[in-house]
Amino acid sequence: MNDASTNGASTNDDERDGRLAEAVGLREQGRQEEARERLVELAARYPDDAEVAYQTAWAHDVLGLEAEAVPFYERALKSPGGGLSPGDRRGALLGLGSTFRVLGRYEESVATLRGGVEEFPEDGALRTFLAMALFNTGEHHESAQLLLNLLATTSDDPGVRRYRRAIEYYARDLHETV
């Protein structure tokens, strides 16, 4: 590869990075609509860029445009070669699963969030949103089980900590009696 093509790619990457940082900055400043508009333009220009797609999905979500966010989340998660950092991938799985739930697409929400929990088993937010989606599908036992286990393992409440073993024990089978 000659220097000209290398420099051209670098300039393109620098331009993309600068525009992306600017758009994310606008979102963080509370200028969500302006950020969304810029991110939509970037997503059109870089259709295979997972990070741009993820940020574009997020920009739609914060504006309550969940249906419009879905294709961007899906693009981010299916982008050739991955492209998302583990933290962004976790965020995209959570965002897509949560968005499916808000849209009433409960089975897709459960499937997405289950995949997220399998990939990131220690993430409490993914487990919490999965519990909500399971509740929506009528899987109340598994939903309560997830939440009780999460509560038992993460709570700083002295009473919960004192009864942690009992909570974890009964979470395995909420129907158990003596």
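Modeller: Let us start with a term: a helix here is a DSSP run of H or I with at least four residues, and helices are numbered from the N terminus. Please keep in mind that this is a predicted model.

Biologist: Thanks! In which helix is Ser109 found?

Modeller: Helices are numbered from the N terminus, and one of them, spanning residues 106-119, is H6. Ser109 is found in helix H6.

Biologist: Does Ser109 count as buried or exposed?

Modeller: Leaving aside neighbours within four places in sequence, Ser109 is in contact with Gly97, Phe100, Arg101 and Ala133. Buried means under 20% relative accessible area. Because its relative accessibility is 0%, Ser109 counts as buried.

Biologist: Now to the packing of helices. At roughly what angle do the axes of H4 and H5 cross?

Modeller: Two packed helices are described by the angle between their axes and the distance between the axes. Here H4 covers residues 66-78 and H5 covers residues 86-102, and their axes come within 9 Å. H4 passes H5 in a left-handed crossing. The axes cross at roughly 145 degrees.

Biologist: How many residues in the contact of H4 with H5 are nonpolar?

Modeller: On the H4 side, the contact is made by Glu66, Val70, Tyr73, Glu74 and Leu77. H5 contributes several residues, including Ala92, Leu93, Leu96 and Phe100. Of the residues in this contact, two are polar, three are charged, and the number of nonpolar ones is eight.

Biologist: Which residues have the most contacts inside the largest nonpolar core?

Modeller: In soluble globular proteins, nonpolar side chains tend to be buried together. The largest nonpolar core in this model has 35 residues. Elements giving two or more residues to this core include helix H1 (3-28), helix H2 (32-45), helix H3 (50-62) and helix H7 (124-136). Those with the most contacts inside the core are Tyr73, Leu84 and Leu130.

Biologist: Leaving aside neighbours within four places in sequence, which residues is Tyr73 in contact with?

Modeller: Tyr73 is one of the H4 residues that make the contact with H5. With neighbours within four places left out, the partners of Tyr73 are Tyr54, Ala57, Trp58, Asp61, Ala92, Gly95, Leu96 and Thr99.

Biologist: Let us turn to charges. How far apart, N to O, are the side chains of Glu15 and Arg19 in their salt bridge?

Modeller: Glu15 and Arg19 are separated by about one helical turn because they are four residues apart in helix H1. Glu15 is partly exposed at 29% relative accessible area, and Arg19 is partly exposed at 39%. A salt bridge needs the nitrogen within 4 Å of a carboxyl oxygen. For Glu15 and Arg19, the N to O value is 3.8 Å.

Biologist: Which residue meets Glu34 in a salt bridge?

Modeller: The partner sits about one helical turn from Glu34, because the two are four residues apart in helix H2. Glu34 is partly exposed, with a relative accessible area of 26%. At 3.2 Å, N to O, Glu34 meets Arg38.

Biologist: How many salt bridges does the count come to?

Modeller: Another example is the pair Arg164 and Glu168 in helix H10, whose side chains meet at 3.2 Å, N to O. A network of salt bridges also links Arg16, Asp17, Asp49 and Glu51. The count of salt bridges comes to 14.

Biologist: One last residue: what separation do the C-alpha atoms of Tyr169 and Asn149 have?

Modeller: Tyr169 is found in helix H10, residues 164-172. At 37% relative accessibility, Tyr169 counts as partly exposed. Tyr169 and Asn149 are 20 residues apart along the chain, and the separation of their C-alpha atoms is 9.2 Å.

Technical notes:
Residues are numbered from 1 along each chain as its sequence is written. This is a predicted model: local features need pLDDT of at least 70, side-chain atom pairs count only at pLDDT 80 or more; totals for chains, interfaces and linings use all residues. Side-chain values use heavy atoms; hydrogens and water are left out. Axes are lines fitted to C-alpha atoms, for helices over the stretch in contact, and angles run from 0 to 180 degrees between N-to-C directions. A crossing is left-handed if the near helix is turned anticlockwise from the far one by less than a right angle, and right-handed if clockwise. Contact means heavy atoms within 4.5 Å. Ala, Val, Leu, Ile, Met, Phe, Trp, Tyr, Cys and Pro count as nonpolar, Asp, Glu, Lys and Arg as charged, and the others, Gly among them, as polar. Buried means under 20% relative accessible area, exposed over 50%, partly exposed in between (1.4 Å probe, protein chains only). A nonpolar core is a set of buried Ala, Val, Leu, Ile, Met, Phe, Trp, Tyr and Cys residues joined through side-chain atoms within 4.5 Å.
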